[in-house]
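Thank you all for making time this morning. I would like to walk you through one model, going from the chain as a whole to its empty spaces and then to its packing.

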Amino acid sequence: MIEVADLHKRYRKATAVDGLSFRVPAARITAFLGPNGAGKTTTLRILLGLVRATSGSAMIDGKAYRELAEPVRHVGAVLEASNYHPKRSGRSHLRVLCTATGLPWSRADELLEFVGIANAAGRAVGGYSLGMRQRLSVAGALLGDPQLLVLDEPANGLDPEGIRWLRDFLRAFAAGGKTVFISSHVLGEVEQLADEVVIIHRGRLVAHQSVADLRARAVGATRIRSPDAARLREALGRAGIDAEGEGDRLSTSAPAERVGEVAAADGIVLHELTADAPSLEEAFLELTAGESL
């Protein structure tokens with residue numbers, strides 16, 4: 001469905017994308033992650049024909065975006081929620097898009113209802129909240145009933161109900177044999193939604209795995225509570241295990257089983273010994289040297 005091969009993009013002396021290659025399979029939800037400035041938006045804009053690559057390729061169904069016969073039926077995109085005439089109504093905005101792509105105006109009304117803003121269809125978009133504009137963006141992306149959705153921060157501005165609606169919709173979209181490629185900084189939401197993750201850093205690929213496999217690469221924390229935490233910390237140190245904490249609580253990256261063995265050997269009472277499952281966020285931070293999204 002999507003294939004990026006040896007993609008490069010340079011702006012004078014700055015390199016935004018540096019030899020990036022990956023493939024996004026059909027009928028899956030794939031998240032596209034990376035720290036700020038990693039090259040995510042540049043890659044998406046190249047994929048959608050908005051920016052020319054310096055070299056390499058980004059293909060949809062084996063073709064560059066500009067080579068697709070009817071791109072609106074292949075791919076729908078949400079890149080930002082500000083590309084509107086502020087005095088135009090939501091309905092008028094979608095009707096303009098329908099006219100430009102040869103679709104009937106009835107499709108605009110159908111999608112306004114589907115995304116939950118039919119009651120605001122006659123209002124000027126300039127008066128919409130950010131969440132409403134995001135829903136309107138999703139409606140625009142769906143006009144041609146595409147096989148692929150490319151979404152950049154689609155949950156931005158949505159309230160909890162809107163986020164749940166988006167999550168349920170994207171799951172149903174993929175379950176119907178279609179493909180979602182989504183960039184987001186909300187890792188907790190990505191962890192619930194995505195089947196697999198592509199992570200880039202400084203314009204290069206650092207991981208492309210299922211969410212489960214990526215979590216398994218991360219080191220989870222072990223939480224400890226003991227009335228003799230200071231002595232336990234010393235015992236762990238002698239065993240080559242670093243631990244941090246205050247009062248009666250400690251935390252370490254060592255397995256809970258190993259902590260329990262050290263405590264038992266020194267006769268130290270434990271009131272709590274809990275192994276936290278590693279998260280997507282922990283895996284992401286390890287792969288990107290702690291840089292934030």
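Among the contacts in the protein chain with a separation of 6 or more, 67% are between residues 24 or more positions apart. I should say at once that this is a predicted model, and that every value I quote is computed from it. The chain has 293 residues, of which 44% count as buried, and its secondary structure consists of 11 helices and 13 strands. The C-alpha trace spans about 75 × 45 × 35 Å along its principal axes. The chain is divided into domain 1, residues 2-216, and domain 2, residues 219-277, and the C-alpha centres of these two domains lie 45 Å apart.

Let me turn to the open spaces, beginning with the pockets. The largest pocket has a volume of about 670 Å³, and of the 25 residues that line this pocket, Ala77, Val78, Asn83, Leu97 and Gly140 lie nearest its centre. The elements giving two or more residues to that lining are strand E5 (75-78), helix H3 (90-101) and helix H5 (130-141), and H3 gives the most, with six residues. If we sort the lining of the largest pocket by class, we find 16 nonpolar, six polar and three charged residues.

The second largest pocket holds about 270 Å³ of space. It is lined by 16 residues, with Ile46, Val51, Arg52, Ala53 and Arg66 lying nearest its centre, and the elements that supply two or more lining residues here are helix H1 (40-47) and strand E4 (55-60). The largest share, four residues, comes from E4, while by class the lining of the second largest pocket divides into 11 nonpolar, three polar and two charged residues.

Since H1 has just come up, let me stay with that helix for a moment. H1 is mostly covered, with six of its eight residues buried, and the buried residues are Lys40, Thr42, Thr43, Leu44, Ile46 and Leu47. Ile46 thus appears both among the buried residues of H1 and among the residues nearest the centre of the second largest pocket. Just after H1, glycine 49 takes a positive phi of about 75°.

Now for enclosed space. How many cavities of 30 Å³ or more does the count give? The count comes to one, and the volume of this largest cavity is about 90 Å³. Its lining is made up of Pro154, Ala155, Ile163, Leu166, Arg167, Leu170, Ile182, Ser184, Val186, Glu189, Val190 and Leu193, and the elements that give two or more residues to the lining are helix H6 (160-175) and helix H7 (187-193). H6 provides the largest share of this lining, four residues, and by class the lining has nine nonpolar, one polar and two charged residues.

That brings us to the nonpolar packing. Which residues of the largest nonpolar core touch the most other members? In this core of 48 residues, they are Leu33 and Leu170, and H6 gives the most to the core, with six residues. A second, separate core has 25 residues, including Met1, Leu7, Ala16 and Ile46. Leu170 also belongs to the lining of the largest cavity. As for leucine 33, if we leave out residues up to four places away in sequence, this leucine touches Lys40, Ser184, Leu187, Val190, Val197, Val198, Ile199, Ile200, Leu280 and Phe284.

I would like to finish with leucine 214, which has its place in helix H8, residues 211-217. Is leucine 214 buried or exposed? Leucine 214 has a relative accessible area of 1%, and it therefore counts as buried, the cut-off being under 20%. Leaving out residues up to four places away in sequence, leucine 214 touches Val197, Ile199, Ala207, Gln209, Leu280, Ala283 and Leu287. Leucine 280 deserves a further word here: leucine 214 and leucine 280 are 66 residues apart along the chain, and their C-alpha atoms are separated by 6.9 Å. Leu280 is also among the residues that leucine 33 touches, as are Val197 and Ile199, and these three residues likewise figure in the list for leucine 214.

Note on methods: Residues numbered from 1 in each chain as written. Predicted model: local features only at pLDDT ≥ 70, side-chain atom pairs only at ≥ 80, totals over all residues. Heavy atoms only, no water. Domains from an automatic or database assignment. 1 Å grid on protein atoms, 1.4 Å probe; cavity = no way out; pocket = protein on both sides within 12 Å on 5 of 7 lines; lining within 4 Å. Points joined across faces, edges and corners; volume = space filled by probe spheres on them. Nonpolar A, V, L, I, M, F, W, Y, C, P; charged D, E, K, R; others polar. Core = buried A, V, L, I, M, F, W, Y, C linked by side-chain atoms within 4.5 Å. Buried < 20%, exposed > 50% of the residue type's maximum accessible area, 1.4 Å probe, protein only. Contact = heavy atoms within 4.5 Å.
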